[in-house]
Amino acid sequence: MQKLDDAALRAWPLPMPAADGDKEERGHVLVLGGSREMPGAVILAATAALRAGAGKLTVATGQSVAQLVALAMPEARVLGLAETPAGGFQLNAVARLDPLADRVSAVLIGPGMQDEAATAELVHALLPRLGSTPTSVVLDACAMGALLHGPAGASGARFAQSLVLTPHAGEMAHLTGVSKEEVCADPAPLAVQCAAKWNAVVALKDAVTHIAAPDGDVWRHEGGNVGLAVSGSGDVLAGIIAGCAARGASLAQSTCWGVALHARAGERLAARCGTLGYLARELCNEIPALLDIIAGRKTGVATTIRPTPGGPTPGQPA
């Protein structure tokens, strides 16, 4: 098991565009998500993807909230998709998204989505198309339910194309049938087992986050604080991972950097604002400076907040 700290990240630098590179060189990210009840999740994830360095952004969300999202994200092209009565997207969204498959570098599916069954059907319809391109795929939140609702005729839950999954302990329990208490008691072996079984890079989020790759590589990250356990925090993390992947980082590298950047953003906010009460949206603003600090391109030290005796322990992302 590899320790994921600043030294490890600095030895594993993210791809950087040329000094005269344009936005195309930094990659195009598609964020698919949002719903009538949770339009903010897709805004958080999309903002985080740009803050992580992606050059172009498209957001695909429900027709009922598309105009709201477009106003909140002037940097994005926004597509409105037909919705199901339960708040998911209708399957005809695949045809609307198909032209983008050859143009995007990374796709994040899940933040703010509802209707797990409809979302799973959409995921399974999209993955073969995305699998024919060099597109990185991140599944978050509701979209991870694709593991529980397989396509017709499928045998077992295994993705043909390797992708990223970002469960916290409760979501991992839902996906595996193991109790949350068992997940928390011994997370690393479960992450490794599921990564191999699902053909996915699995970021099992907790106070200590374990990242496992299908080939058996595993990283352990300690950091962050209980303030990260707040609504929208997980959407930001997923967006950072997608943004790093759009820049050309591998799935494992994108996930490792995303987890570290997310935790360190929480540390910086806790040092400045207090451990509790900062907002998920504020995490995004910390990312650009942290990218330079961790990479050693800027004077400064990424502040690490350690729990004091008797004090709160670091928390997991929402």
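Biologist: What phi does Gly248 take, just after H9?

Modeller: A positive one, about 110 degrees. Bear in mind that the model is predicted: local features need pLDDT of at least 70 and side-chain atom pairs count only at pLDDT 80 or more, while totals for chains, interfaces and linings use all residues. Numbering starts from 1 along each chain as its sequence is written, and side-chain values use heavy atoms, with hydrogens and water left out.

Biologist: Why is H9 called a helix?

Modeller: A helix is a DSSP run of H or I with at least four residues, a strand is a run of E with at least two, and both are numbered from the N terminus. H9 has 14 residues, so it should span 20 Å at 1.5 Å a residue, and its end C-alpha atoms are indeed 20 Å apart. The expected span is 1.5 Å times one less than the number of residues.

Biologist: What makes you say H9 is mostly covered?

Modeller: In H9, 14 of its 14 residues are buried. Buried means under 20% relative accessible area, exposed over 50%, and partly exposed in between, with a 1.4 Å probe and protein chains only.

Biologist: And why does Gly258 count as buried?

Modeller: Because its relative accessibility is 0%, and the limit is under 20%. Gly258 sits in helix H10 (residues 251-273). Leaving aside residues up to four places away in sequence, Gly258 touches Leu237, Ile240 and Ile241, where contact means heavy atoms within 4.5 Å.

Biologist: What makes E1 and E4 the edges of the sheet?

Modeller: The open sheet has 10 strands, in the order E1-E10-E9-E8-E7-E6-E5-E2-E3-E4, with mixed pairing. Strand E1 (2-3) and strand E4 (77-81) each have a single partner strand, so one side of each lacks a neighbour in the sheet.

Biologist: How do you know which way E3 and E4 run, and that they pair?

Modeller: Pairing needs at least two bridges found by DSSP; E3 and E4 are joined by 5 and run parallel, so they qualify. Thr58 stands opposite Arg77 in E4.

Biologist: Which strands does H9 touch where it packs on the sheet?

Modeller: E2, E5, strand E6 (136-139) and strand E7 (163-165). The direction of H9 makes about 165 degrees with that of E5. Axes are lines fitted to C-alpha atoms, for helices over the stretch in contact, and angles go from 0 to 180 degrees between N-to-C directions. H10, in turn, runs at about 10 degrees to strand E10 (218-222).
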